[in-house]
Amino acid sequence: MRGPDLARAALEAARQSADAKRAQRKRRVPRGTSTGSRSRRRWSGPGADERDPQPLGRLASRIAMDRGWNEQLAGGQVFGKWAALVGAEVAKHAKPVALKDGELTVAAESTAWATQLRLLQRQLLGQIAAGVGKGVVKRLKVQGPTAPSWRHGHFHVPGRGPRDTYG
């Protein structure tokens, strides 16, 4: 082979190599695309997509659901939304104290309000169930006002204490 023939053969080999590489690239599916008939890359576009940033509330509720915190959060809503659940007048005279095993303990400011809350118990349970969900609060325990405690600190002396010296 002489010089011009050698150059033609090298040029032909380079063209065949380039055609083979081009064909191989066409067969390869680019990242982020489906293997279907579409060959272009899928972009998020203007519509909602799972790759878009999510609102914090939606993420928090998903985490709570995954970890089984829904019951505790619903119980916390009873305390947080107390005035909206039972009404402003009742909320002014009674406060929720504890929620354990579906029993809500409510402290009333007077014995008259404790009696009133016991009479309104069914209606209050219905309002609470409508506000935070059925089954969160199953029973209502109403406590009247308590007398002040004379016990202060960790150590106590048995007996009647300071009332011994009264009249």
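**Exercise 1. Salt bridges within helix α1**

Determine which residues of helix α1 pair in salt bridges, and how far apart in sequence the partners Arg 22 and Asp 19 lie.

*Solution.*
Step 1. Arg 22 and Asp 19 both belong to helix α1 and are three residues apart, about one turn of the helix. The structure is a predicted model.
Step 2. An α-helix has 3.6 residues a turn, so residues three or four places apart point the same way.
Step 3. The side chains of Arg 22 and Asp 19 form a salt bridge, at 3.0 Å from N to O. This satisfies the cut-off, which places a side-chain nitrogen of Lys or Arg within 4 Å of a carboxyl oxygen of Asp or Glu.
Step 4. Arg 22 is partly exposed, with a relative accessible area of 45%, and Asp 19 is partly exposed at 44%.
Step 5. Another pair in helix α1 (residues 3–27) is Asp 5 and Arg 8, three residues apart, about one turn of the helix. Their closest N and O atoms are 3.4 Å apart, and the two form a salt bridge.
Step 6. Asp 5 counts as partly exposed at 35% relative accessibility, whereas Arg 8 counts as exposed at 58%.

**Exercise 2. A salt bridge between strands**

The whole structure holds three salt bridges. Identify which parts of the chain are tied together by the pair Glu 103 and Arg 139.

*Solution.*
Step 1. The side chains of Glu 103 and Arg 139 meet in a salt bridge of 3.9 Å, N to O.
Step 2. Glu 103 lies in strand β2 and Arg 139 in strand β3, so the pair ties together parts that are 36 residues apart in sequence.
Step 3. Glu 103 is partly exposed at 27% relative accessibility, and Arg 139 is partly exposed at 40%.

**Exercise 3. The two faces of helix α6**

Establish which residues of helix α6 are buried, and on which side of α6 they lie.

*Solution.*
Step 1. In helix α6 (residues 111–119), the buried residues are Trp 113, Ala 114 and Leu 117.
Step 2. These residues lie on the same side of α6, because they cover an arc of only 105° around the axis.
Step 3. The face turned away from the buried side carries the exposed residues Thr 111, Ala 112 and Leu 119.
Step 4. The cover over the buried residues of α6 includes the helices α5 (88–93) and α7 (121–132), together with the strands β1 (94–100), β2 (103–108) and β3 (139–143).

**Exercise 4. The largest nonpolar core**

Find which elements supply the largest nonpolar core, and describe the surroundings of its member Leu 104.

*Solution.*
Step 1. The largest nonpolar core has 22 residues; those touching the most other members are Val 78, Trp 82, Val 86, Leu 104, Leu 117 and Ile 128.
Step 2. At least two residues of this core come from each of α3 (70–80), α4 (82–86), α5, β2, α6, α7 and β3. Helix α7 gives the most, with four residues.
Step 3. With neighbours within four places in sequence left aside, the contacts of Leu 104 include Val 78, Trp 82, Ile 128 and Arg 139.
Step 4. In soluble globular proteins, nonpolar side chains tend to be buried together.

**Exercise 5. Thr 105 and Gln 143**

Decide whether Thr 105 is buried or exposed, and trace its contacts to strand β3 through Gln 143.

*Solution.*
Step 1. Thr 105 lies in strand β2. It counts as buried because its relative accessibility is 12%, against a cut-off of under 20%.
Step 2. Beyond its neighbours within four places in sequence, Thr 105 is in contact with Lys 95, Pro 96, Val 97, Ala 98, Lys 141 and Gln 143.
Step 3. Gln 143 is located in strand β3 and is partly exposed at 31% relative accessibility.
Step 4. Not counting residues up to four places away in sequence, Gln 143 touches Thr 105, Val 106, Ala 107, Ala 108 and Ala 114.
Step 5. Gln 143 and Thr 115 are 28 residues apart in sequence, with their C-alpha atoms 9.3 Å apart.

**Exercise 6. Asp 101 in its loop**

State where Asp 101 is found, and what is notable about its phi.

*Solution.*
Step 1. Asp 101 is found in the loop between β1 and β2.
Step 2. Its phi is positive, about 55°, although Asp 101 is not a glycine.
Step 3. Asp 101 is exposed, with a relative accessible area of 64%.

Notes
Residues are numbered from 1 along each chain as its sequence is written. This is a predicted model: local features need pLDDT of at least 70, side-chain atom pairs count only at pLDDT 80 or more; totals for chains, interfaces and linings use all residues. Side-chain values use heavy atoms; hydrogens and water are left out. Buried means under 20% relative accessible area, exposed over 50%, partly exposed in between (1.4 Å probe, protein chains only). The arc is that of the directions from the helix axis to the C-beta atoms. Contact means heavy atoms within 4.5 Å. A nonpolar core is a set of buried Ala, Val, Leu, Ile, Met, Phe, Trp, Tyr and Cys residues joined through side-chain atoms within 4.5 Å.
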